[in-house]
Amino acid sequence: MTTVIAQGTFDLLHPGHVHYLSEAASMGDELHVIVARRDNVTHKKKPVLSDRQRRDLVAALAVVDEAHLGHREDIFVPIEEIQPDLIVLGYDQHHDEAAIESALAARGIDCAVERASAREPKYPDELLSTGDIIERILSRRDC
């Protein structure tokens with residue numbers, strides 16, 4: 001059995017998230033998703049939705065076998081607990097594959113790291129990013 005991990009913030013789920021998680025699920029037999037805790041999101045604006053709500057939304061997707069909240073201090077703790085065969089990164093995530101592979105090796109975790117493909121928009125006004133969704137909401141609400 002091949003266990004796969006995907007991870008991310010997953011604030012305001014959109015078709016790009018569904019594509020990423022579906023592709024990750026297709027790479028193995030079991031998909032675990034680690035949802036970043038709000039306090040650990042430092043590379044972009046903090047999520048709008050709470051940690052638990054984002055985790056619950058991800059868990060509701062049919063392709064997800066189990067959704068977890070990330071560890072408060074050490075992002076590798078859930079990976080050590082799950083012992084995946086593969087970690088799939090989103091196509092646009094800020095993570096450096098080589099740095100992750102090095103950290104995994106240093107912890108004795110034998111796990112491959114791959115990057116998912118991008119999802120192309122299927123129609124002209126389709127939004128595939130949380131930031132774009134928020135911007136559209138604000139512009140249409142005259143904020």
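These legends accompany several close-up views of a predicted model. Local features are given where pLDDT is at least 70 and side-chain atom pairs where it is 80 or more, while totals for chains, interfaces and linings use all residues. Residues are numbered from 1 along each chain as its sequence is written, and side-chain values use heavy atoms, with hydrogens and water left out.

**View 1. Strand β2 sits between two parallel partners, β1 and β3.** Helices (H or I, at least four residues) and strands (E, at least two) are DSSP runs numbered from the N terminus, and two strands pair if DSSP finds at least two bridges between them. Strand β2 (residues 30–35) is joined to β1 (residues 3–8) by 6 bridges and to β3 (residues 66–69) by 4. A good place to start is valine 33, which is the bridge partner of alanine 6 and also of alanine 67 in β3. Of the 6 residues of β2, 5 are buried, that is, under 20% relative accessible area (exposed is over 50%, partly exposed in between; 1.4 Å probe, protein chains only).

**View 2. Helices α1 and α2 carry the chain into and out of β2.** From β1 the chain passes through α1 (residues 15–26) to β2 in a right-handed β-α-β crossover. Right-handed here means that, with the strands pointing away from the viewer, the path from the first strand over the helix to the second runs clockwise. A further right-handed unit is made by β2, α2 (residues 51–59) and β3.

**View 3. Histidine 68 is a buried residue of strand β3.** Its relative accessible area is 18%, so histidine 68 counts as buried. The C-alpha atoms of histidine 68 and valine 35 are 6.0 Å apart, although 33 residues separate the two along the chain.

**View 4. The loop between β1 and α1 holds two residues with positive phi, phenylalanine 10 and leucine 12.** Each has a phi of about 55 degrees without being a glycine. For context, most residues other than glycine have a negative phi. Phenylalanine 10 is buried because its relative accessibility is 2%.

**View 5. The largest pocket holds about 1200 Å³ of space.** A pocket is found on a 1 Å grid over the protein atoms alone, as an open set of points where a 1.4 Å probe fits, with protein on both sides within 12 Å along at least five of seven lines; lining residues have an atom within 4 Å of a point. Its volume is the space filled by probe spheres set on the points, which are joined across faces, edges and corners. Among the 48 lining residues, Gly8, Thr9, His43, Lys44 and Gln93 are the closest to the centre. Helix α1 gives the most to the lining, with 4 residues.

**View 6. Strands β4 (86–89) and β5 (112–115) pair in parallel, with helix α4 completing the unit.** The two strands share 4 bridges, and leucine 86 has alanine 112 as its bridge partner in β5. Together with α4 (residues 97–106), β4 and β5 make a right-handed β-α-β unit. At the start of α4, a side-chain oxygen of aspartate 96 comes to within 2.9 Å of the backbone nitrogen of alanine 98. Just after α4, glycine 108 has a positive phi of about 75 degrees.

**View 7. Arginine 119 meets glutamate 126 through a side-chain polar contact of 2.9 Å.** A polar contact is a pair of N or O atoms within 3.5 Å; within protein, one must be able to donate a hydrogen and the other to accept it, and residues adjacent in sequence count only if both atoms are side-chain atoms. Arginine 119 belongs to the loop between β5 and α5, and its 16% relative accessibility is why arginine 119 counts as buried.
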